[in-house]
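Have the structure open in your viewer and keep the selection tool at hand. Each stop below tells you what to select next.

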Amino acid sequence: MSIAFKQIVVAYDGSDEGKRAIEYGIYFKERIPESNLTIVHVYNERVEQRAVGNPGSAGLANDGYYIDPTQMHPVLPVENNFNRGADTHLVVSNSVTAAESHRLSILSENGVDGNFEILEGNPVESITSYAERIGADVIIVGNSGKSGIQKLFTGSTGSSIIKDASCPVLIAK
């Protein structure tokens with residue numbers, strides 16, 4: 001029986017453990033040059049609340065709408081690195097750009113070619129369904145940084161991928 005990794009999928013989340021998973025993917029790609037290395041990054045959109053308008057005195061907003069002062073909750077200013085008025089699409093593209101840039105630097109430092117795919121949704125479902133769709137021979141994920149008690153209550157992405165994947169899963173430590 002011969003085991004050959006023709007389709008290698010590496011799950012990358014931007015963490016040190018994710019970088020380690022890429023290193024394992026590079027290791028296999030260097031030893032099996034005809035294999036395809038694909039690094040996947042799952043974007044899971046987060047929703048943030050923003051105040052609309054600028055409440056003026058006596059319950060009037062700058063845009064002329066009445067706001068009942070008894071229904072207003074104090075909003076604390078939140079520091080962020082995004083420009084005012086940035087929409088979700090700008091945030092998504094910045095996240096994708098940062099992940100792809102990091103992937104390119106790691107692969108180019110090692111002289112290895114690889115593909116990069118952005119997936120959406122639940123990380124476990126997205127990674128396992130992508131791997132099944134392309135016929136992956138192995139999925140490589142980083143070890144979770146969670147403590148034992150955190151893993152007990154929430155589980156880890158790696159252990160969930162192991163349960164759901166249709167191919168072998170390597171946990172990079």
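**Start at the sheet**

Select strand 2 and strand 3: they pair in the parallel sense over six bridges. Strands here are DSSP E runs of at least two residues, helices H or I runs of at least four, numbered from the N terminus. Two strands pair if DSSP finds at least two bridges between them. This is a predicted model, where local features need pLDDT of at least 70, side-chain atom pairs count only at pLDDT 80 or more, and totals for chains, interfaces and linings use all residues. Residues are numbered from 1 along each chain as its sequence is written, and side-chain values use heavy atoms, without hydrogens and water.

Pick Tyr-43 next; opposite stands Glu-120 in strand 3.

Now show five strands. They form an open sheet in the order 3-2-1-4-5, with parallel pairing. Strand 3 (115-120) and strand 5 (169-172) are at the edges with a single partner strand each, so one side of each has no neighbour in the sheet.

**Add two helices**

Select residues 123-134. This is helix 3, lying across strands 1, 2, 3 and 4 and running at about 155° to strand 2. Angles run from 0 to 180 degrees between N-to-C directions, with axes fitted to C-alpha atoms, for helices over the stretch in contact. Contact means heavy atoms within 4.5 Å.

Then take helix 5 (157-164). Helix 5 lies across strand 4 and strand 5, at about 170° to strand 5.

**Finish at Ile-140**

Which residues does Ile-140 contact, leaving aside neighbours within four places in sequence? Among them are Ile-8, Val-10, Phe-28 and Leu-170.
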